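Work through the following exercises with the sequence and the model open. Each task is followed by a solution in steps.

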Amino acid sequence: MTTSPILEVRQVTKSFGAVDVLKGIDFEVIPGTVTALVGDNGAGKSTLIKGLAGIQPFDSGEVTFEGVKVNLNEPRDAADLGIEVVYQDLALCDNLDIVQNMFLGREVKRGIPLDEADMESRAGETLKSLSVRTVKSLRQKVSSLSGGQRQTVAIARAVLWNNKVVILDEPTAALGVAQTEQVLNLVRRLGEQGLGVVIISHNLQDVFEVADYIYVLYLGTMVVRLKREDTNPSEVVEYITGGKTNNAGSNGDLV
Amino acid sequence: MNEPATQTGALGFFNRQGADPIARMLGLFLPLATILLMVLFATQSDAFLTLANLRGITLQSAATIVLAVPTALLLMSAGIDLSIGSTVAVAGVMAGIFWQQDLIWAGLAAGLAAGLVIGLVNGSLVSLAGLNPIVVTLGTLAIGRGIAQVFADNPIFDFPEPVVAFGAGSTLEIPNLVWVAIVVVVLGMIVLNRLPYGKHLIAVGVNERAAYLAGLRVKMIKLSLYVATGLGAAIAGIMLAARFNSAPGGTLGVGTELFVLTAVLLGGVPFTGGQGAIWRVVIGVLLLGILRNGMVLLNFSSESAQIVLGSVLIIAAALELVRQRLYRKQ
Ligand SMILES: Nc1ncnc2c1ncn2[C@@H]1O[C@H](COP(=O)(O)OP(=O)(O)OP(=O)(O)O)[C@@H](O)[C@H]1O
Ligand SMILES: [Mg+2]
């Protein structure tokens, strides 16, 4: 039943000066599933993601993608592999429209010039495939969009180019109830489309709603990996706060 | 080309941007101001609306346009190059030195190489070393002028026949230098509106971090834009040297940076970057060219012309600020 992981992280470390923020982390992402990464403020979640995105390369350890060892030294490296990160603060270009943001850095060309018509129709199809119907025009500047719509564009961008792994850092933190529900639906659909999805969230209700696996990071150490159906929010909270530690080893294996 | 689903069509980003009311207003304001200015000068001076004079304005504006197009692209990416006036002189002088020896192609290559080198220096210091562009290019402005003066110690003039003929001549009734400007404008439009690079440089101007995170080679984009302004300035310097049949290192291109930046700002490219259109920049250059020409015809002293030009720069900046404020309120 288990598929082999598309992304595997082994014993990665990261320090800032004297502070060890990641102390030898193991982590894996299985295609077609949603993996949640939880942990208290400062646990190192964003740092792990930034390493995978190539923004802040790890100090040591190994990352394999589709079974091949890879180097992630630049955002471009991650993008080339098909790893897309949706950042906590949504790195979108306000002055550009939806289509331009979705295709930034991966524009479709007809020979040498841009193919605006094709990009526009593909952006439209992608949004439709994600059941997004709330945006009025694809040529709206993203500065005119609501928080949820911006989040949607950022996620749609991730789906557009056949990305294989999509990582979302707190995608619902700034959203209202209805918008949160929309985004969570979107996250679930990404998993159903066969992508490996990673979601960081402080909201355990959200986590339990979408995640297949839950990793808990505590002060730079991965304390446990849980299957959603084998656990419950209060157990996860205990791991998050350090009230419960995993005796089975540094990386809790599935039972 | 197929018509895409939404109303705006496959016109390219900047035409589409014209759809927002304030940008459209500014788009109209600029041609209107130009026409008003022409009417004003025409009523004040009989010499203004003559074919010879209008031709003179276009000819004078040709080198400025060649400078303004890459400068506009650089500004759209939120960069700035103050050194262009001196690069004009260095390139003109380098070309002139070879031309005096009857080495036409070598002169051309030397001029372009000078622009390339200055562009690479500016670009590396700003983009790779991370120094402030105003500081760096102010430095190269001074250095370039010094170099041009050193090499132009003996007067550089009296160039080979083909060079002079090119600088003064016309093809199909249009001055050769204007043809060069037309080619540069068309190239600028293609780069900005039709190539991914155009979108990328705008993205760098809007949100450098987002551009980087999207996987763009931000440093290379910035570097290449400084090389573009260096090359643009070199071509302009070569054009001017050919037109004047001389390359005075001390005065060639002096103050050009002020003129070009004013034109680009008038043309609706904010110093904060992230937007702009080539055609508006061209109108900005022509507007300033008409202003300068009219002031000459009306016997303004060069000092008062200088004051007017400086005032226009500040007014252009103020207009831009108002536009941004209005835009944000929307
Ligand atoms: N560039 C940096 N320089 C120094 N310290 C850093 C840097 N980035 C992160 N840290 C530190 O590393 C630790 C982990 O930060 P990280 O952002 O990964 O936490 P997080 O789990 O994402 O927290 P949150 O839930 O608040 O987003 C924090 O103590 C933080 O102060
Ligand atoms: Mg974080």
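**Exercise 1.** Which residues of β7(A) lie on one side and which on the other, and are they buried or exposed?

Solution. The model is a predicted one. Start with one side of β7(A), which holds A:Val165, A:Ile167 and A:Asp169. The other side holds A:Val166 and A:Leu168. All of these residues are buried, and both faces of the strand are covered. The count agrees: 5 of the 5 residues of β7(A) are buried.

**Exercise 2.** Find the strands that pair with β7(A), and give the number of bridges for each.

Solution. Take β6 of chain A, residues 83-86: this strand pairs with β7(A) in the parallel sense over 4 bridges. Within this pairing, A:Val85 stands opposite A:Ile167. Next take β8(A): 5 bridges join β7, residues 165-169 of chain A, to β8(A), and the two run parallel. Here A:Asp169 has A:Ile200 as its bridge partner. The link between β7(A) and β8(A) involves helix α6 of chain A, residues 177-192, and the three elements make a right-handed β-α-β unit.

**Exercise 3.** Describe the cover of β8(A) and its pairing with β3 of chain A.

Solution. Strand β8 of chain A spans residues 196-200, and 5 of its 5 residues are buried. On one side are A:Gly196, A:Val198 and A:Ile200, and on the other A:Val197 and A:Ile199. Strand β3 of chain A, residues 34-39, runs parallel to β8(A) and is joined to it by 4 bridges. A:Ala36 is the residue that stands opposite A:Ile199.

**Exercise 4.** List the residues around ligand 1 and sort them by class.

Solution. The list consists of A:Phe16, A:Val21, A:Gly39, A:Asn41, A:Gly42, A:Ala43, A:Gly44, A:Lys45, A:Ser46 and A:Thr47. Sorted by class, the shell has 3 nonpolar, 6 polar and 1 charged residues. Helix α1 of chain A, residues 45-53, gives the most to this shell, with 3 residues.

**Exercise 5.** How many residues of chain B are in contact with chain A, and which element supplies the largest share?

Solution. On chain B, 27 residues are in contact with 26 residues of chain A. Helices α1 (13-17), α9 (196-206) and α10 (208-213) of chain B each supply at least two residues to the side that touches chain A. The largest share, 5 residues, comes from α9(B). By class, this side of chain B divides into 15 nonpolar, 8 polar and 4 charged residues.

**Exercise 6.** Which residues touch the most other members of the largest nonpolar core?

Solution. This core has 178 residues, and A:Val216 and B:Val66 touch the most other members. Helix α11 of chain B, residues 218-244, gives the most to the core, with 17 residues. Now follow B:Val66: beyond its neighbours within four places in sequence, its contacts are B:Val180, B:Ala181, B:Val184, B:Gly232, B:Ile235, B:Ala236 and B:Met239.

**Exercise 7.** Compare the surroundings of A:Leu219 and B:Ala78.

Solution. Most residues other than glycine have a negative phi. A:Leu219 has a positive phi, near 45°, and B:Ala78 has a positive phi, near 70°. A:Leu219 is found in the loop between β9 (213-218) and β10 (221-227) of chain A. B:Ala78 is in the loop between α3 (51-76) and α4 (84-100) of chain B. A:Leu219 is partly exposed, because 14 other C-beta atoms lie within 10 Å. B:Ala78 has 20 such atoms within 10 Å, so B:Ala78 is buried.

Key. Residues are numbered from 1 along each chain as its sequence is written. Chains are lettered from A and ligands numbered from 1 in the order in which they are written. This is a predicted model: local features need pLDDT of at least 70, side-chain atom pairs count only at pLDDT 80 or more; totals for chains, interfaces and linings use all residues. A residue is near a molecule or strand if its C-beta atom, placed from the backbone, lies within 6 Å of it. Ala, Val, Leu, Ile, Met, Phe, Trp, Tyr, Cys and Pro count as nonpolar, Asp, Glu, Lys and Arg as charged, and the others, Gly among them, as polar. Two residues are in contact if their C-beta atoms, placed from the backbone, lie within 7 Å. A residue is buried if 20 or more other C-beta atoms lie within 10 Å of its own, exposed if 12 or fewer, and partly exposed in between; C-beta atoms are placed from the backbone. Two strands pair if DSSP finds at least two bridges between them. A crossover is right-handed if, with the strands pointing away from the viewer, the path from the first strand over the helix to the second runs clockwise. A nonpolar core is a set of buried Ala, Val, Leu, Ile, Met, Phe, Trp, Tyr and Cys residues joined through C-beta atoms within 7 Å.
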